[in-house]
Amino acid sequence: MTPAVELLADPVARLVPVGLDELVERAGLLTRVDRKYLVPVEAVDGLVRRLPRDAQVLEIASRRLFAYESVYFDTPELLAYHLAARRRRRRFKVRTRTYVDSAQCWIEVKTRGARGTTVKDRVPHRLDDREDVAPALPFVTATLGAHGIAHADQMHWRPSLLTRYRRATVLLPDTGSRLTIDVDLVWHDGRRPLHLPHMAVVETKTGATASAADRLLWAHGHRPLRISKYATGLAALRPELPANRWRRTLGRHLLPDGAPDPAPGPR
């Protein structure tokens with residue numbers, strides 16, 4: 001267990017557990033408002049301990065921390081990245097999401113809804129195909145088209161970024177919202193890795209109003225940041241890409257000492 005995982009494991013062990021079915025029933029939130037924060041891992045313990053007393057942590061088979069792996073796909077021209085960099089309303093992401101502990105895999109399409117909401121559509125995907133869109137191409141094409149993405153049927157897909165991290169998911173029953181805390185984040189673009197051992201990515205997933213977790217974060221000086229596990233990660237690894245939207249986040253929080261390690265690493 002890494003130091004970052006230890007700092008998260010102890011406080012979530014004190015929360016009341018909630019099962020996956022109940023979590024989905026009470027806070028599925030496939031259409032939602034996402035707010036993302038970067039928090040030093042040393043502050044995670046205090047954050048979790050100050051959550052409302054009715055907060056519950058997802059527990060499956062006695063586990064409360066789960067390993068995630070995502071493979072993001074883009075066109076050869078990195079259309080999804082550039083749409084995000086230019087803040088186009090019709091932007092999107094396509095990825096496979098693997099729940100490593102249960103060996104389950106889904107392919108997901110994320111688009112933008114009304115008033116800045118995030119809409120996620122997904123279907124099961126074969127684990128062995130997690131680096132390949134082809135088996136789910138009709139689903140991806142139809143979903144993008146249904147959400148107004150032009151020429152989706154002409155797009156060609158290839159893996160562009162892999163992410164790995166450990167996550168705890170917390171239910172806030174009072175507002176039916178969720179809080180996720182990710183530690184040990186690793187980005188890899190196929191050429192080199194970037195590991196963030198000292199920062200946690202905290203994300204709130206709410207309806208129309210901010211959650212108690214948002215208000216707690218604000219009270220301790222943390223403000224929502226422009227960070228995307230896909231676009232910000234790719235910008236950090238490929239400095240030649242336009243990244244004005246994430247320049248402040250990269251300079252202040254993710255790459256304060258310069259570029260990532262140029263040495264190649266295994267995928």
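Student: Which element supplies the largest share of the lining of the second largest pocket?

Tutor: Happy to start there, bearing in mind that this is a predicted model. The second largest pocket holds about 560 Å³ of space, and of the 24 residues lining that pocket, the closest to its centre are K36, R91, R112, I227 and R245. At least two lining residues come from each of β2 (31-40), α4 (79-85), β5 (92-99) and β6. The largest share, four residues, comes from β2.

Student: How many charged residues are in the lining of the second largest pocket?

Tutor: Let's go through the classes. Nine residues of this lining are nonpolar and four are polar. The charged class, which takes in Asp, Glu, Lys and Arg, has eleven.

Student: Which residues are closest to the centre of the largest pocket?

Tutor: That pocket has a volume of about 830 Å³. Its lining is made up of 37 residues, with 17 nonpolar, five polar and 15 charged among them. The closest to the centre are L20, Y68, R97, Y99 and R122.

Student: Now to salt bridges. How far apart are the closest N and O atoms of E22 and R26?

Tutor: Both residues belong to helix α2 (residues 20-27), where they sit four residues apart, about one turn of the helix. E22 has a relative accessibility of 32% and R26 has 36%. Buried means under 20% and exposed over 50%, so each of these values counts as partly exposed. Their salt bridge has its closest N and O atoms 2.6 Å apart.

Student: Is D182, the salt-bridge partner of R167, buried or exposed?

Tutor: The side chains of R167 and D182 meet at 2.7 Å, N to O. This pair links distant parts of the chain, with R167 in strand β8 (residues 158-172) and D182 in strand β9 (residues 177-188). R167 has a relative accessible area of 7%, so R167 is buried. D182 comes out at 1% relative accessibility, and therefore counts as buried.

Student: In which strand does K120 lie, the residue that pairs with E108?

Tutor: E108 and K120 form a salt bridge whose closest N and O atoms are 3.9 Å apart. The pair ties together parts that are twelve residues apart in sequence, because E108 lies in strand β6 (residues 104-112) and K120 in another element. Both residues are buried. The strand that holds K120 is β7 (residues 118-124).

Student: How many salt bridges does a search of the whole structure find?

Tutor: Beyond pairs, there is also a network of salt bridges that links D10, R14, D45 and R49. For the whole structure, the search finds 19.

Definitions and conventions:
Residues are numbered from 1 along each chain as its sequence is written. This is a predicted model: local features need pLDDT of at least 70, side-chain atom pairs count only at pLDDT 80 or more; totals for chains, interfaces and linings use all residues. Side-chain values use heavy atoms; hydrogens and water are left out. A salt bridge is a side-chain nitrogen of Lys or Arg within 4 Å of a carboxyl oxygen of Asp or Glu. Buried means under 20% relative accessible area, exposed over 50%, partly exposed in between (1.4 Å probe, protein chains only). On a 1 Å grid over the protein atoms alone, a cavity is a set of points where a 1.4 Å probe fits but cannot get out, and a pocket is an open set with protein on both sides within 12 Å along at least five of seven lines; lining residues have an atom within 4 Å of a point. Grid points are joined across faces, edges and corners, and a volume is the space filled by probe spheres set on the points.
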